[in-house]
Amino acid sequence: MASSACCFKTRRGVCSPVVSTTQQRLRQRLPLAAAPAGIARDRFGRTLNYLRISLTDMCNLRCVYCMPADMTFRPRAELMQDDELLRLIAQFAAMGFRKFRYTGGEPTLRANLPGLISRVSAMPGVAMQAITTNGVMLDQLAAPLREAGIACVNVSIDSLDPQKFRRMTRWGNVRDVWAGIQSAQRAGLGIKLNAVVVRGHNDQQDVVDLARLTLEHDWQVRYIELMPFGGIHEFQRAHIVSEDELRATIEAALGPLQIQNEGELDGEARVFRLRGARGSLGFISSVTKPFCAGCSRVRLTADGKLRLCLLRDKEVDLLTPMRAGLDDAGLEALIREGLWEKPWGHGLEQNQFATNRVMSEIGG
Ligand code: SAM
Ligand code: SF4
């Protein structure tokens, strides 16, 4: 793990996870033991029911905060094939997982995506499927995805300005993404727009322009704090903008923000509304205001590793044992043992960074 002076101090002080008294007790007392049967839990008592699945590590963009320009991708044979992925999703659903989000790399690059999603829709226990996409292919895919069973789409759009958008994505065209969003609206998908805020790139006029969209549209615009990991964490550490700073910029331009979810998070977001707005603004501040205490999610990487925390290197290889003939009971035991050992939270406040992957290989 890399270690250097802490860059994650905000105007309100150093970041610190929210921890309830019960969870503090559990955190100290529960020994590592064989994971119990029934609903999936970790050793801190957190119920785990949300799986985020990276369908591919490939992408048709190269966002500056996500991956290096000369990224190399894994050979196809190393990635989960459809039958392997479906087997794993069925196994997680049988263990109480209810929400599944497809991500990447860019998930719309996966061949026959609507077909794959329809098969998951038919599985018992699957209550909600969503997708996070850069939106480049959404114009053609929104309606088939909706038909297959996707309820909501999160579209990443860091700026409405064509030049700035291109600079942040290295070659993307914001008009393609806007066409995708319109198409998602016509298809009846729930829409959230994700913007990663990067100092000096989109932290001033762009965040205000995105917020203004919520005056007329029933969308949630979500500002995501830049997260540091992988081989490019120096860039990320130098460009982070805190939630407090962002809210001040938006309020100075558009007026006061009213909190919508005092005391609780909507997923991982603190949600606000501009006066008279149809939509809302969400702030996802994993670095300066972590939400580890309420975390219910784990991740599956495209190469079949169960990743227990976005910002920790710890992973359990599921694909290799599956390919070696592991039966369903063995697979369930392997997953439960992994879940049980989900780390409490990230180690950013101790200057510990995940280093084994960049964001595009995990899925966000
Ligand atoms: N390609 C799709 C997309 O861009 O929406 C899905 C994968 S992308 C890795 C998932 C989300 O992670 C996106 O909203 C993206 O903006 C966000 N993301 C990527 N790198 C990040 C970083 N270093 N810190 C915070 N969020 C990041
Ligand atoms: Fe691709 Fe999404 Fe990463 Fe941008 S954020 S490079 S679109 S995976």
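These are my notebook entries on one predicted model of a chain with two ligands.

**Entry 1: the whole chain**

I started with confidence, as this is a predicted model. The mean pLDDT of the chain is 87, and 87% of the residues reach 70 or more. Residues 1-32 are another story, for the pLDDT is below 50 there. I noted that this stretch still has 52 contacts in the model beyond near neighbours in sequence.

Next I looked up the secondary structure and found 11 helices and 14 strands. The chain has 364 residues, and 44% of them count as buried. I also checked how far along the sequence the contacts reach. Among contacts with a separation of 6 or more, 74% join residues 24 or more positions apart.

**Entry 2: ligand 1**

Which residues are closest to ligand 1? I found C66, S156, M227, M359 and G364, out of 20 residues that surround this ligand. Two elements, β5 (128-133) and β7 (190-197), give two or more residues to the shell. Sorting the shell by class, I got eight nonpolar, 11 polar and one charged.

**Entry 3: ligand 2**

Here I wrote down 13 surrounding residues, the closest being C59, C63, C66, N134 and S360. By class, the shell of ligand 2 has six nonpolar, five polar and two charged residues. One name made me turn back a page: C66 is listed among the closest residues for ligand 2 and also for ligand 1.

**Entry 4: S286**

I picked one residue to follow, and S286 sits in a loop, with β11 (280-284) on one side and β12 (297-300) on the other. Is S286 buried, partly exposed or exposed? I noted it as partly exposed, because it has 19 C-beta neighbours inside 10 Å and buried would take 20 or more.

Leaving out neighbours within four places in sequence, I found S286 in contact with E225 and M227. M227 was already in my notes as one of the closest residues to ligand 1. I also looked up S286 and L311, which are 25 residues apart in sequence and 9.6 Å apart in space, C-alpha to C-alpha.

**Entry 5: helix α9**

My last stop was α9, which covers residues 243-254 and has 12 residues. How far does α9 reach from its first C-alpha to its last? I got 16 Å, close to the 16 Å expected at 1.5 Å a residue. A reminder to myself: an α-helix has 3.6 residues a turn, so residues three or four places apart point the same way. Just after α9 comes G255, where I noted a positive phi of about 100 degrees.

Terms used
Residues are numbered from 1 along each chain as its sequence is written. Chains are lettered from A and ligands numbered from 1 in the order in which they are written. This is a predicted model: local features need pLDDT of at least 70, side-chain atom pairs count only at pLDDT 80 or more; totals for chains, interfaces and linings use all residues. A residue is near a molecule or strand if its C-beta atom, placed from the backbone, lies within 6 Å of it. Ala, Val, Leu, Ile, Met, Phe, Trp, Tyr, Cys and Pro count as nonpolar, Asp, Glu, Lys and Arg as charged, and the others, Gly among them, as polar. pLDDT is the predictor's confidence in each residue, from 0 to 100. Two residues are in contact if their C-beta atoms, placed from the backbone, lie within 7 Å. Helices (H or I, at least four residues) and strands (E, at least two) are DSSP runs, numbered from the N terminus. A residue is buried if 20 or more other C-beta atoms lie within 10 Å of its own, exposed if 12 or fewer, and partly exposed in between; C-beta atoms are placed from the backbone. The expected span of a helix is 1.5 Å times one less than its number of residues.
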